[in-house]
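Biologist: I should like to go through this protein step by step, with the sequence and the model before us. Please reason through each reply before giving the final value or name.

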Amino acid sequence: MRRARDVREQIEGLITRVEIEMVSNASEDVPIRKAITAGYYYHTGVLSKGGYKTVKHQQTVHIHPTSSLFEKLPRWVVYYELVFTTKEYMRQVIEIESSWLLDVAPHYYKQNDLSESNKRIPKNFKS
């Protein structure tokens, strides 16, 4: 927590120095999720039959049961790490929009990578 506080203080100092108004809106999390996507664009999963598939390598993965998104099953996710127990699980998962990947990593993703993953998912899908 001390490290998080130090980073926050550094960011506050930078914002003040370049004269950007510091505002906060708890309901507006899209810029934060886009920033995380920019940093972890290579850790992306898309919902498919049997769980999620990593976008580039088509590895089957699942949202970790302790995640708040475990039962929600968002269509597109970015994760921090994979952990193998009984299955390959994604930990620290956030929901993203597929269009963000082209915005933040056009050198890594092409439209075909994302459109092939847009196949329909059964309504009553359970991972």
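Biologist: Is glutamine 92 buried, partly exposed or exposed?
Modeller: This is a predicted model, and its glutamine 92 has a relative accessibility of 47%. A residue is buried under 20% and exposed over 50%. Because 47% falls in between, glutamine 92 counts as partly exposed.

Biologist: In which element is glutamine 92, and what is its phi?
Modeller: Glutamine 92 has its place in strand 5, residues 88-95. Its phi is positive although the residue is not glycine. The value is near 55 degrees.

Biologist: Where does glutamate 19 lie, and is it buried or exposed?
Modeller: Glutamate 19 also has a positive phi, near 60 degrees, and is a residue other than glycine. It belongs to the loop between helix 1 (2-17) and helix 2 (30-39). Its relative accessibility is 74%. Because the cut-off for exposed is over 50%, glutamate 19 counts as exposed.

Biologist: In what pattern do the helices and strands follow one another along the sequence?
Modeller: The protein has four helices and five strands. Read along the sequence, these elements give the pattern α-α-β-β-β-β-β-α-α.

Biologist: Which elements give two or more residues to the largest nonpolar core?
Modeller: The largest nonpolar core has twelve residues, among them Tyr41, Val55, Trp76, Val78, Ile94, Trp100 and Leu101. The elements that supply two or more of this core's residues are strand 4 (76-84) and helix 3 (98-104).

Biologist: How many residues are in the other core that lies apart from the largest one?
Modeller: The members of this other core include Val61, Leu73, Met90 and Val93. In total, the core has ten residues.

Biologist: With which residues is isoleucine 94 in contact, leaving aside its neighbours within four places in sequence?
Modeller: Isoleucine 94 is a member of the largest nonpolar core, as are Trp76 and Val78. Both Trp76 and Val78 are in contact with isoleucine 94. The full list is Arg33, Ile36, Leu69, Trp76, Val77 and Val78.

Biologist: Which residues does UniProt list for the domain, and how far apart are the end C-alpha atoms of that span?
Modeller: An unreviewed UniProt entry lists "domain: DEAD-box helicase OB fold" for residues 32-108. This span is 19% helix and 39% strand. Its end C-alpha atoms are separated by 21 Å.

Biologist: What share of the residues of the protein count as buried?
Modeller: The protein exposes about 9,100 Å², of which carbon and sulfur atoms supply 52%. Of its 127 residues, the share that count as buried is 31%.

Technical notes. Residues numbered from 1 in each chain as written. Predicted model: local features only at pLDDT ≥ 70, side-chain atom pairs only at ≥ 80, totals over all residues. Heavy atoms only, no water. Core = buried A, V, L, I, M, F, W, Y, C linked by side-chain atoms within 4.5 Å. Buried < 20%, exposed > 50% of the residue type's maximum accessible area, 1.4 Å probe, protein only. Contact = heavy atoms within 4.5 Å. Areas by Shrake-Rupley, 256 points an atom, 1.4 Å probe, with all protein chains shown as cover. UniProt positions renumbered as here; feature names shortened; annotations may be inferred.
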